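Biologist: Could you walk me through the aromatic rings in this one? Pull it up and let's chat.

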Amino acid sequence: MKELVGFYLKYLEQDFSLTVVDDKKASICKWTELQTNKLTKEEFTKIYTSHKAAGAALITGYDNLEVVDIDLKVFSTTSEKEEFWIAINNPPANERLSRL
């Protein structure tokens with residue numbers, strides 16, 4: 001898991017704010033502080049390589065970042081899930097969102 005530090009650092013380089021999470025997906029850092037001041041690469045690496053770290057998460061609210069959490073378990077069949085993904089990835093031209 002610690003070998004992923006380079007992967008996460010790419011998000012910091014792209015001006016996203018990240019936190020380090022424990023094995024229960026709880027932030028090790030103060031979330032509200034990271035909404036205005038992101039960790040440096042050095043700070044992130046030091047925390048991430050600690051024994052408590054199990055992963056990382058994007059900080060929503062930093063630079064007005066908003067995230068839509070789509071929970072596929074609400075669909076009862078595989079075909080419903082597939083139809084949803086087709087629709088979300090191919091919206092009508094007048095409803096397309098800008099993508100990264």
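**Aromatic rings**

Modeller: Ring pairs link F7, Y8, Y11, F16, F44 and Y48 into a cluster. Rings of Phe, Tyr and Trp (its six-membered ring) pair if their centres lie within 6.5 Å; planes under 30 degrees apart count as stacked, over 60 as edge-to-face and the rest as tilted. Mind that this is a predicted model: local features need pLDDT of at least 70, side-chain atom pairs count only at pLDDT 80 or more, and totals for chains, interfaces and linings use all residues. Residues are numbered from 1 along each chain as its sequence is written, and side-chain values use heavy atoms, with hydrogens and water left out.

Biologist: How many aromatic pairs are there by this rule?

Modeller: Going by that ring rule, the count is eight aromatic pairs.

Biologist: Which kind of pair do F7 and Y11 make?

Modeller: They sit four residues apart in helix α1 (residues 5-13), so about one helical turn separates them; helices here are DSSP runs of H or I, at least four residues, numbered from the N terminus. Their ring centres are 5.6 Å apart with planes at 70°, so the pair is edge-to-face.

Biologist: And F44 and Y48, stacked or edge-to-face?

Modeller: Again about one helical turn lies between them, as they are four residues apart in helix α3 (residues 41-48). With centres 5.5 Å apart and planes at 15°, the pair is stacked.

Biologist: Is Y48 buried or exposed?

Modeller: Buried means under 20% relative accessible area, exposed over 50%, partly exposed in between (1.4 Å probe, protein chains only). Y48 comes out at 0% relative accessibility, so the label is buried.

Definitions and conventions
Helices (H or I, at least four residues) and strands (E, at least two) are DSSP runs, numbered from the N terminus.
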